[in-house]
Amino acid sequence: MYVLFETLPDDARIWVYQSNRKFSDEEVAEIEDALNGFIESWTAHGADLEASYLVQYNRFIILAVNQAAQGATGCSIDASVHFIQELEKKYNVDLLDRMNVSFKQGEFITYKPLTDFKKMAKDKSVSANTVVFNNLVNTVGEWKDYWEVPASESWHSRFF
């Protein structure tokens, strides 16, 4: 069951998927339609999940579930991963590789393999003040407070 993202409690569980490229506005509209359809049919043991999504910066897909209403189960999580894999195939993108880093360079979002980001940190091309996207956040509250943060305030800090 779709609900507005803004209505989810801070302890709602989230999953952040980053794309290796920016989606076009047309692709975002198609992806949002697909997300609406998926969420409307997303269940756990036959019970509707109170869920939502966001597509941020034409690059990140964020799925969220209110665990207090009905918790996501292994099967429902598997269904969401399968859905994301279908998006990967349809749009020829990588959404599941966690060994990449997205960060802001001015008004642009840059996507690099982790090894390149480490090298950039060593070469001082990025700094502890560089805004990174911490896709390891687990709840809506963490997402609000710790998703877009200076590298010094995330797991990326070990590179500085």
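## Tyr2 and its partner

Is Y2 buried, exposed or partly exposed? In this predicted model, Y2 has a relative accessibility of 30%, so Y2 counts as partly exposed. Y53, in contrast, is buried, with a relative accessible area of 10%.

These two residues bring us to the aromatic pairs, of which the structure holds 17. Y2 and Y53 form one of them, with 5.9 Å from centre to centre and 50° between the planes, a tilted arrangement. Y2 sits in the segment before β1 (13-18) and Y53 belongs to strand β4 (residues 51-56), so their pairing ties together parts that lie 51 residues apart in sequence.

## Other aromatic contacts

F38 and W42 make another pair: their ring centres are 5.0 Å apart and their planes meet at 40°, so this pair is tilted. F38 and W42 are both buried.

Elsewhere, ring pairs join several residues into a cluster, made up of F5, Y57, F60, F133, W143 and W147.

## The largest pocket

Now for the empty space. The largest pocket holds about 170 Å³, and 16 residues line this pocket. Which of them lie nearest its centre? They are R98, N100, N135, L136 and W155. Looking at the elements, β1 and β6 (100-105) are those that give two or more residues to the lining.

What does the lining look like by class? Eight of the residues are nonpolar, five are polar and three are charged.

Conventions. Residues are numbered from 1 along each chain as its sequence is written. This is a predicted model: local features need pLDDT of at least 70, side-chain atom pairs count only at pLDDT 80 or more; totals for chains, interfaces and linings use all residues. Side-chain values use heavy atoms; hydrogens and water are left out. Rings of Phe, Tyr and Trp (its six-membered ring) pair if their centres lie within 6.5 Å; planes under 30 degrees apart count as stacked, over 60 as edge-to-face and the rest as tilted. Helices (H or I, at least four residues) and strands (E, at least two) are DSSP runs, numbered from the N terminus. Buried means under 20% relative accessible area, exposed over 50%, partly exposed in between (1.4 Å probe, protein chains only). On a 1 Å grid over the protein atoms alone, a cavity is a set of points where a 1.4 Å probe fits but cannot get out, and a pocket is an open set with protein on both sides within 12 Å along at least five of seven lines; lining residues have an atom within 4 Å of a point. Grid points are joined across faces, edges and corners, and a volume is the space filled by probe spheres set on the points. Ala, Val, Leu, Ile, Met, Phe, Trp, Tyr, Cys and Pro count as nonpolar, Asp, Glu, Lys and Arg as charged, and the others, Gly among them, as polar.
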